[in-house]
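Grab a coffee and work through these exercises with the viewer open. Try each task yourself before you read its solution.

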Amino acid sequence: QVQLVESGGGLVQAGGSLRLSCAASGRTFSSYALGWFRQAPGKQREFVAAIITSGGTSGGITDYGDSVKGRFTISRDNAKNRVYLYMNSLKPEDTAVYYCAAVRQVGYSVYTKQNEYDFWGQGTQVTVSS
């Protein structure tokens, strides 16, 4: 079992930045693939970013949703059992509840679909004002 707790959400003006953090329980954090998803009111949950551990790639292997590429960066600190989402150049359409997710990693494919993840945090609200 993995428990995930997100933090760092809040209200920010368009063009601003935020860093979300997700703290995970468990002793085998490095063996889990991690992802961020978001859900805006009235919309389906959307893939934002994901990261897996790769021994041959410093920082891991990452993937991003098209709407955030070039603006958001995902990273992980296996020593601290944390995954981060750095969000820059925020837009009002980035307003959503952001969720951290985890699944035990198999192979070296990045998981981008929400039904691939087994564990979820409670979410943190991000509001971007225009």
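**Exercise 1. A pair across two strands**

Which residue in β8 does Ile74 stand opposite?

Solution. Keep in mind that you're looking at a predicted model. Start with the strands: β7 covers residues 72-77, and β8 covers residues 82-87. The two run antiparallel and are joined by 6 bridges. Now go to Ile74 and look across to β8: the residue facing Ile74 is Leu85. Next, follow the chain from β7 into β8. The two strands make a hairpin, with 4 residues between them. Stop at Asn81 in that turn, where phi is positive, at about 55°.

**Exercise 2. The other neighbour of β8**

Find the bridge partners in β8 of Cys22 and Arg19.

Solution. First pick out β3, residues 18-24, which pairs with β8 in the antiparallel sense over 6 bridges. From Cys22, the bridge leads to Val83. From Arg19, the bridge leads to Tyr86.

**Exercise 3. Lay out the sheet**

In what order do the 4 strands of the open sheet come, and which stand at the edges?

Solution. Walk across the sheet and you'll read β1-β3-β8-β7, with antiparallel pairing. The edge positions belong to β1 (4-7) and β7; each has a single partner strand, so one side of each has no neighbour in the sheet. Going from one strand to the next, the twist averages 15°.

**Exercise 4. Into the core**

Which residues have the most contacts inside the largest nonpolar core?

Solution. That core counts 30 residues, and the ones with the most contacts inside it are Trp36, Leu85, Met87 and Tyr98. Then ask where the core's residues come from: β3, β4 (32-39), β5 (46-52), β7, β8, β9 (96-104) and β11 (124-129) each supply at least two. There's another core apart from this one, with 10 residues, including Phe47, Ile52, Ala101 and Tyr117. As background, nonpolar side chains tend to be buried together in soluble globular proteins.

**Exercise 5. Charges around Asp94**

Which residues are linked with Asp94 in a network of salt bridges?

Solution. Take Arg38 to begin with: Arg38 and Asp94 form a salt bridge, their closest N and O atoms 2.8 Å apart. Arg38 sits in strand β4 and Asp94 in the loop between β8 and β9, so the pair links distant parts of the chain, 56 residues apart. Now try Arg71, which also forms a salt bridge with Asp94, this one with 2.7 Å between the closest N and O atoms. Arg71 lies in the loop between β6 (61-64) and β7, so its bridge to Asp94 ties together parts 23 residues apart in sequence. Check burial too: Arg38 and Asp94 are buried, and Arg71 is buried as well. Put the whole network together and you have Arg38, Glu46, Arg71 and Asp94.

**Exercise 6. Buried or exposed?**

Locate the salt bridge between Lys69 and Asp66, then sort each residue by its accessibility.

Solution. The Lys69 and Asp66 side chains meet at 3.3 Å, N to O. Lys69 has 47% relative accessibility, so this residue counts as partly exposed. Asp66 comes out at 67%, and the cut-off for exposed is over 50%, so Asp66 is exposed. To finish, check your tally for the model: the count of salt bridges is 4.

Terms used. Residues numbered from 1 in each chain as written. Predicted model: local features only at pLDDT ≥ 70, side-chain atom pairs only at ≥ 80, totals over all residues. Heavy atoms only, no water. Pairing = 2+ DSSP bridges. Core = buried A, V, L, I, M, F, W, Y, C linked by side-chain atoms within 4.5 Å. Buried < 20%, exposed > 50% of the residue type's maximum accessible area, 1.4 Å probe, protein only. Axes fitted to C-alpha atoms, helices over the stretch in contact; angles between N-to-C directions.
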